Amino acid sequence: MVRTKDSLSCRSFSLSVYDGTPQDSPLLGQLCDTTDRYFNSSSNSMSIVYTKLRDDTDMGLEFSASYYTVFQNNSDVTLSCHSDYMKARISSRYLDSLGYSSNNIFLNDPQCRPQILSDWLEFHIPYQRCQTLKQVLNDTISYINTLFTYSMEPVVIHRKKLSLTLRCQMYQDTIVDSLYFADDTMENSLTQHGLYSANLTFFNSPSFIYSVDQYPYLVELNQDLYLQATLETTDPALVLFLDTCVASPDPFDMSENVYYLISNGCPRVSDYRTYPSSSPSTARFGFSAFSFLKNYSSVYIKCKLVVCKQYDRWSRCNQGCKPRHKRAVQSHHDHVHVVAGPVQLLN
């Protein structure tokens, strides 16, 4: 359910809900002149897009969203999307009902075989192996493989084949993993949405050899700090960009009482520095502890990272510092949030 504090004025604001990503999914509806509405998504993904239609008003729009997920306990085929691979599971009983065994089910690459776990067959399908295909759309990067049954028997009577397209669409606003029920029709398509994973790590020096492994990380007031953000992927065509980094005494609330280190790709502290990296999916930077510990004695660092296609000239990653953030035209980028800390001041 999406709820606004007051009824909307269609002349000033627009609040749209999409069944998936904003650019490649159908519009479920808009909130206009009402305070709440319910929407049903066909997958594990839903997007809310807020647009200010008029510039002559300083009023903002307050809204909240809540959701619940309905799981199908009788699902015979499930798919979950992870940062670097997809996991597909198919029930052994379901295969038996079709007249097949674990020896008769394959991916695009027949060498990629499943594990047998109790009554399930489980495929771990890397995005860079098993002949997984990659498709770049407006606001998603899709990884696609096919799960199908095949028999060497020359004649098969009263036996249906299973052909299931597995698709992981990686983008922002992932909610939860969901389940899908596949019947015994000839072809099905199973799509889930996922989110790239990344980590943010403190290092002891600008050589970035030894990472900090004890927290809280005790530092002196003017000590130089070094952080490395790394995207957990083997896809060489992805780039990581530091969009926004803040220091906050609360790791869960990064909207109030924050000290900006980077905002929309622009350094906000004079001692901010970047360091070279051997991989485009890694970003290194540093600054003085004085920048934020002069305000707080213990803080966490949280960064919003942007994931882009490496050779997309219109991507957010290639736009650098933008004091007023604007959405890239005809470009794909995903957001990843990471937290490191706490950092505490030595007594």
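This passage describes the disulfides, one open sheet and the salt bridges of a predicted model.

The covalent cross-links are considered first. A disulfide is a covalent bond between the sulfur atoms of two cysteines. In this model, 5 disulfides are counted. One of them joins Cys 245 to Cys 303, with the two sulfur atoms lying 2.0 Å apart. This link connects distant parts of the chain, since Cys 245 belongs to strand S19 (residues 238–248) and Cys 303 to strand S24 (residues 298–309), a separation of 58 residues. The angle about the S-S bond is 115 degrees, and the link of Cys 245 and Cys 303 is right-handed. Both Cys 245 and Cys 303 are buried.

Another disulfide is formed by Cys 266 and Cys 321, whose sulfur atoms are 1.8 Å apart. Cys 266 is located in strand S21 (residues 266–267), whereas Cys 321 is found in the loop between S24 and strand S25 (333–345); the pair therefore ties together parts that are 55 residues apart in sequence. The link of Cys 266 and Cys 321 is right-handed, with 95 degrees about the S-S bond. The surroundings of these two cysteines can be described through their accessibility. Cys 266 has a relative accessible area of 11%, and because the limit for a buried residue is under 20%, Cys 266 is classed as buried. Cys 321 has a relative accessibility of 42% and counts as partly exposed, because this class covers values between 20% and 50%.

A further disulfide connects Cys 308 and Cys 317, with a distance of 2.2 Å between the sulfur atoms. The link of Cys 308 and Cys 317 is right-handed as well, with 85 degrees about the S-S bond. Cys 308 and Cys 317 are both buried.

The arrangement of strands is considered next. Strands of a sheet pair through backbone hydrogen bonds, either parallel or antiparallel. In one open sheet, 4 strands follow the order S16-S18-S23-S22, and their pairing is antiparallel. The edges of this sheet are occupied by strand S16 (198–203) and strand S22 (273–275); each has a single partner strand, so one side of each is left without a neighbour in the sheet. On average, neighbouring strands of this sheet are turned by 25 degrees against each other, direction ignored. The edge strand S22 pairs with strand S23 (residues 282–288) in the antiparallel sense, over 3 bridges. Within this pairing, Thr 274 has Phe 285 in S23 as its bridge partner.

The model also contains contacts between charged side chains, and 6 salt bridges are counted. One of these is formed by Arg 89 and Glu 122, with the closest N and O atoms 3.1 Å apart. Arg 89 lies in strand S8 (residues 85–91) and Glu 122 in strand S11 (residues 120–126), so that this pair links distant parts of the chain, 33 residues apart. Arg 89 counts as partly exposed, at 23% relative accessibility, whereas Glu 122 counts as buried, at 9%.

A salt bridge is also present between the side chains of Lys 134 and Asp 235, with an N to O distance of 3.2 Å. Lys 134 is part of strand S12 (residues 133–136), and Asp 235 is part of the loop between strand S18 (224–231) and S19; the pair therefore ties together parts that are 101 residues apart in sequence. With a relative accessibility of 38%, Lys 134 counts as partly exposed. Asp 235 is buried, with a relative accessible area of 5%.

Strands S19 and S24 are joined by a salt bridge in addition to the disulfide of Cys 245 and Cys 303. Here, Lys 304 and Asp 243 form the salt bridge, with 3.5 Å between the closest N and O atoms. Because Lys 304 lies in strand S24 and Asp 243 in strand S19, the pair ties together parts that are 61 residues apart in sequence. Lys 304 counts as partly exposed at 22% relative accessibility, while Asp 243 is buried, with a relative accessible area of 1%. Through salt bridges that share partners, Asp 243, Lys 304 and Arg 316 are joined into one network.

Key: Residues are numbered from 1 along each chain as its sequence is written. This is a predicted model: local features need pLDDT of at least 70, side-chain atom pairs count only at pLDDT 80 or more; totals for chains, interfaces and linings use all residues. Side-chain values use heavy atoms; hydrogens and water are left out. A disulfide is a pair of cysteine sulfur atoms within 2.5 Å. Helices (H or I, at least four residues) and strands (E, at least two) are DSSP runs, numbered from the N terminus. Buried means under 20% relative accessible area, exposed over 50%, partly exposed in between (1.4 Å probe, protein chains only). Two strands pair if DSSP finds at least two bridges between them. Axes are lines fitted to C-alpha atoms, for helices over the stretch in contact, and angles run from 0 to 180 degrees between N-to-C directions. A salt bridge is a side-chain nitrogen of Lys or Arg within 4 Å of a carboxyl oxygen of Asp or Glu.
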